[in-house]
Every structure is written in C-alpha cells, then in structure tokens.
Amino acid sequence: MRLSASELSQFGEDLGRQLRAPAVIGLSGELGTGKTTLVQAICRGLGAQARATSPTYALVHHYSAGQTPVYHVDCYRLRHADEARDLGFDDMIRERAIIMIEWPERAGSWAPPLDRHFQLAYDDDPARRVIAELLLA
C-alpha cells in the first residue's frame, strides 16, 4: 500500500481497534519511514492515554490501554541480538500484552514470535510511505 501520513495514521488506528491481546507486531524499515508514527496511531486505536514516543534510547516504553498493557520496543540500538535478552520479552508475554517491536530482526531469537509483521519503506513521492505486511512462516 502507498499511504500518505494521514492514511498511515488511519491505518494504524484501525489496526489498533482490531488488535486483541496478546499480540506481537513487528515493524521493520529504514529510519524515518514511519514506524514510530504507526505505533502512535496503533496506540490511539487501542485507547492508550499517553502519546507514544520513540524508545530509541530507553529501548522499551510501557503504555496502558484500559486493562491491556502495551509495550513499544525499539531494537535499533542493539549491537548484538543477545542484548535483547534483557528487554523483558518473557515478562511482556506473561502479562498477555500487546507488544510492538521496531527492528525485530535485530533481536534475533530473543524476540517473541510475531503475529503480524509490517515493512515500511520510502516511496518515490516523499509525501507517501509504502507499507507491506510480510507473510510469516
């Protein structure tokens, strides 16, 4: 899909309204392609009260959407997949949370299995982004 910024937000909000915990969503793509923007929209759709922000330096942010815990994990700064073992994925899974992971490929086998995986990319039109759902094995 080729989406404008407002269409990407609408897509994310719709996705958030459809999600049921537990769920693990992977978001891959180059820097600046809209991964955090999509997470913000998903959180709005889930009903999270706080505005989602990029956890690039903190690595993990926690939000509440009613009774549902929501985690936003950014694996961009991981130098080795083994660093992901300390991110608390096991605890998040035990909480039956909704987990959104940017750059899940950097967490290797430490990342929980993804329920859905989206690839975001730049479009020839700088006002649009390309988003594709990757098929999971």
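Buried here means under 20% relative accessible area, and this is a predicted model.

**View 1. T36 and its partner E102.** T36 comes in at 19% relative accessibility, so it counts as buried. Its place is in helix α2. The side chain of T36 reaches the side chain of E102 in a polar contact of 2.8 Å.

**View 2. Helix α2, a mostly hidden helix of residues 35-46.** Take the twelve residues of α2 at 1.5 Å each and you should get a span of 16 Å; the end C-alpha atoms sit 16 Å apart, so the two agree. Ten of those twelve residues are buried, which means the helix is largely enclosed by the rest of the structure. The buried set is K35, T36, L38, V39, Q40, A41, I42, C43, G45 and L46. For reading the pattern along a helix, keep in mind that an α-helix has 3.6 residues a turn, so residues three or four places apart point the same way. Right after α2 comes G47, with a positive phi near 90°.

**View 3. F11 against F118, one of two aromatic pairs in the structure.** The ring centres of F11 and F118 are 5.7 Å apart and the planes meet at 85°, so this pair is edge-to-face. F11 belongs to helix α1 (residues 5-18) and F118 to strand β6 (residues 116-122), so the pair ties together parts 107 residues apart in sequence. F118 is buried, with a relative accessible area of just 1%.

**View 4. Y76 and W103, a tilted aromatic pair.** Here the distance is 4.9 Å centre to centre, with 50° between the planes. Both partners sit in loops: Y76 in the one between β4 (68-74) and α3 (89-94), W103 in the one between β5 (98-102) and β6, so the pair ties together parts 27 residues apart in sequence. How accessible are the two partners? Y76 has 28% relative accessibility and counts as partly exposed, whereas W103 is buried at 10%.

**View 5. W103 up close, with R106 over its ring.** R106 lies over the face of W103, at 4.8 Å from the ring centre. The backbone deserves a look too: phi of W103 is near 60°, a positive value in a residue other than glycine. For context, most residues other than glycine have a negative phi. W103 is found in the loop between β5 and β6.

**View 6. R96, another non-glycine residue with a positive phi.** The phi of R96 is about 60°. This arginine lies in the loop between α3 and β5. Is R96 buried or exposed? With a relative accessible area of 51%, R96 is exposed.

**View 7. The cis peptide bond from A21 to P22.** Omega is near -5° for this bond. As background, most peptide bonds are trans. P22 is found in the loop between α1 and β2 (23-29).

Key:
Residues are numbered from 1 along each chain as its sequence is written. This is a predicted model: local features need pLDDT of at least 70, side-chain atom pairs count only at pLDDT 80 or more; totals for chains, interfaces and linings use all residues. Side-chain values use heavy atoms; hydrogens and water are left out. Helices (H or I, at least four residues) and strands (E, at least two) are DSSP runs, numbered from the N terminus. The expected span of a helix is 1.5 Å times one less than its number of residues. Buried means under 20% relative accessible area, exposed over 50%, partly exposed in between (1.4 Å probe, protein chains only). Rings of Phe, Tyr and Trp (its six-membered ring) pair if their centres lie within 6.5 Å; planes under 30 degrees apart count as stacked, over 60 as edge-to-face and the rest as tilted. A charge sits over a ring if NZ of Lys or CZ of Arg is within 6 Å of the ring centre and within 35 degrees of the ring normal. A polar contact is a pair of N or O atoms within 3.5 Å; within protein, one must be able to donate a hydrogen and the other to accept it, and residues adjacent in sequence count only if both atoms are side-chain atoms.
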